[in-house]
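Please find below a colleague's note, set out as numbered points. The comments concern cysteines and helices.

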Amino acid sequence: MAAAKKTLVIVESPSKAKTIGKFLGSRYKVVASVGHVRDLPKSKLGIALPEELESGQEAFDPQYINIRGKGDLIKELKKEARNASKIYLATDPDREGEAISWHLAFLLGIPEDAPCRIVFNEITSKTVKEAVKNPRPIDLSLVDAQQARRVLDRLVGYQISPLLWRKIARGLSAGRVQSAALKIICDREKEIEAFVPEEFWTIEAAFRKDKEFTAKLATCKGSKIEIRTKDQADAILAELENGKYSVGALDEKERLRKPAPPLTTSSMQQDAANKLNFSTRKTMMVAQQLYEGIEIKGMGTVGLVSYIRTDSVRISDEARMAAKEFINNEMGEQYYGGAVYSNKKKDVQDAHEAIRPSNVVITPEKIKDQVSKDQYNLYKLIWQRFVASQMAPAKLMAVSTDIVNGDYAFRATGSKILFDGFLKINPPAKGGDENKELPELSIGEELVPADVHGDQNFTQPPARFTEASLVKDLEEKEIGRPSTYAPIVATLMDRKYIKKEKKNLLPTQLGFTVTGMMSEFFKEIVDVGFTARMEEGLDDIETKGVRWKKIIEDYYGTLKAELDRAYKDIPVSEPAVELTGEKCPECGKDLAIKHGRFGSFIACTGYPQCKYTKPIVQTIDVKCPKCGGDIVVKRGGKGKVFYGCSNYPECNQAYWDKPTGRMCPECGSMLVEKKSRNGDFACSNKECNYKE
């Protein structure tokens, strides 16, 4: 008797397939497509341009091909499809996921109107089983929105990049959103360079009554005071010295501090950067792991958070009720607030909830010993923000007082927490004003200062962007979408257009050069307003049913005009080089930074006559345990990073994992970073099993 046919479920990733397979049981076969299976060809533009149409083509038709290297996987998927009783496409619930399902349906011969698509906002047994009961056809509006974005980005990247090669250097790239983001960073750096600091002074007085508190000079004769020079400050201090201080005004107000809404993709990236020092790329990688599922004792594989690519702060009624029950049981009914959040702008991603824990009862501490440190920290960030969002506001007594001396008034402020509310679970940062109390004061009371002094200050230039502030700026300017922020920053870093110093993002000389050329010849492409309007047009495809090729036609007119002018006006010239300021020890010519397949290096500008090169040495502040030399970052023959002693070949000490500089307490060998689920650090000695 032939075995009963199974229902085939196709997802993107193997880890997601493993999690869902456990939920659905033996009557289902769950397999992974491992991302996209069809895409535009890498070797050519792959889009039918209006001026180059062949018979049977429409303008901007994408010429999709099966992705190289996926032939065997596609054969296996077709085989599984032939043997299945039913096929469900369970890729991610967004534009990209819808497009992957559309391509899979094409390859497997599934009609577009067939109810083959299942979606779920979180990977739990309940939601997955519910989704299987409610399949729907593929949403072609979502597919068209993704196609338009893909075609648009290909038109920009594949047609402008060769001009960068011609003008600057081979291997460079331009991008629709990437180029606008780079210009924002370069423009900020120009502001900083052009900034002229201005001197100003502040005057502060310290008083003591039961406790010490400080007050800053705020007004003179009721108007805000500005002190520009030391002479002005000294004159005011002299006047103050001859006068007496007394309490002139007191103001007490009870105020509420409301919790922040649950996390979106953007706010998660910003919070993780500010609080955990995560890059946007790392945040999305760890969040994906939490979404796809982690093995938890007694529970099996569990998707810990809801879908991680969303612009929405909305949460479901079911999630709100679960939070209410948890807060009432664990903290008391007075701590429940039950705020309902909605988006200021009704946008396309509102179909997805905010990022929240799939099961609020699974507290961070319950899983701390079963997940990696990074997974724990990000889950705690998501869990705390969600639970806090459903808690009652904190009640504070805000106190402000004016301490007067003649015509001058000093201002002191403080506050006292009357009811902690959501601060109970999401406490304020250390040094915050939430619990900085002033002593009991009364109007007319005389005070004797312990100290009165003036401080010289200078106005500060605009701050450089960090990953967090860049993401915030891109979101405010409506450039790109949350799912694209991490790749934007990563691409700019990989292309050496920007670099990171501490947390700050700085444009390199190469970045300035690329932005300069783009601004000269492609003003619209790098214009922030134009890019934002394009994003709105792309959203209209999904939300208003706008024909996707119409959006491309409108954009291409601008792009084509700028391309024609650029090809005419950009001369074929020697590419710009980034000089190091050093001379070649072999021929005396300038040394320059070159960019190769496996990273950057220093080479002589006299190439090919002079072939002198040397690596760019990157140290990690760790000394070699054998000889005391510096451990430096190196690359092997295939470009793989490893860590070796700078005194090679005299010393051959090397590690594949990043050394920490700390020694193993059991065998004395170097501890290295492992970042595994079982521990963050391990002994480099293979015969030693020490981990921590």
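1. Cys-664 is buried, at a relative accessible area of 4%, and Cys-688 is likewise counted as buried, at 13%. Here buried means under 20% relative accessible area, exposed over 50% and partly exposed in between, with a 1.4 Å probe and protein chains only. The sulfur of Cys-688 is the nearest cysteine sulfur to that of Cys-664, 3.8 Å away, and Cys-664 is in no disulfide. A disulfide is taken as a pair of cysteine sulfur atoms within 2.5 Å; by this rule the count is 0.

2. This is a predicted model, in which local features need pLDDT of at least 70, side-chain atom pairs count only at pLDDT 80 or more, and totals for chains, interfaces and linings use all residues. Residues are numbered from 1 along each chain as its sequence is written, and side-chain values use heavy atoms, with hydrogens and water left out.

3. The axes of helix H3 (residues 95-108) and helix H5 (residues 140-167) come within 8 Å and cross at roughly 100°. Helices are DSSP runs of H or I with at least four residues, numbered from the N terminus; axes are lines fitted to C-alpha atoms over the stretch in contact, with angles from 0 to 180 degrees between N-to-C directions. The two helices are therefore roughly perpendicular, the term for 65 to 115 degrees.

4. The contact (heavy atoms within 4.5 Å) involves residues including Trp-102 of H3 and Arg-149 of H5.

5. Helix H6 (residues 176-194) has 19 residues and spans 28 Å between its first and last C-alpha, close to the 27 Å expected at 1.5 Å a residue. That expectation is 1.5 Å times one less than the number of residues. Among the buried residues of H6 are Arg-176, Cys-186 and Glu-189.

Methods. Parallel < 35°, antiparallel > 145°, perpendicular 65-115°, else oblique.
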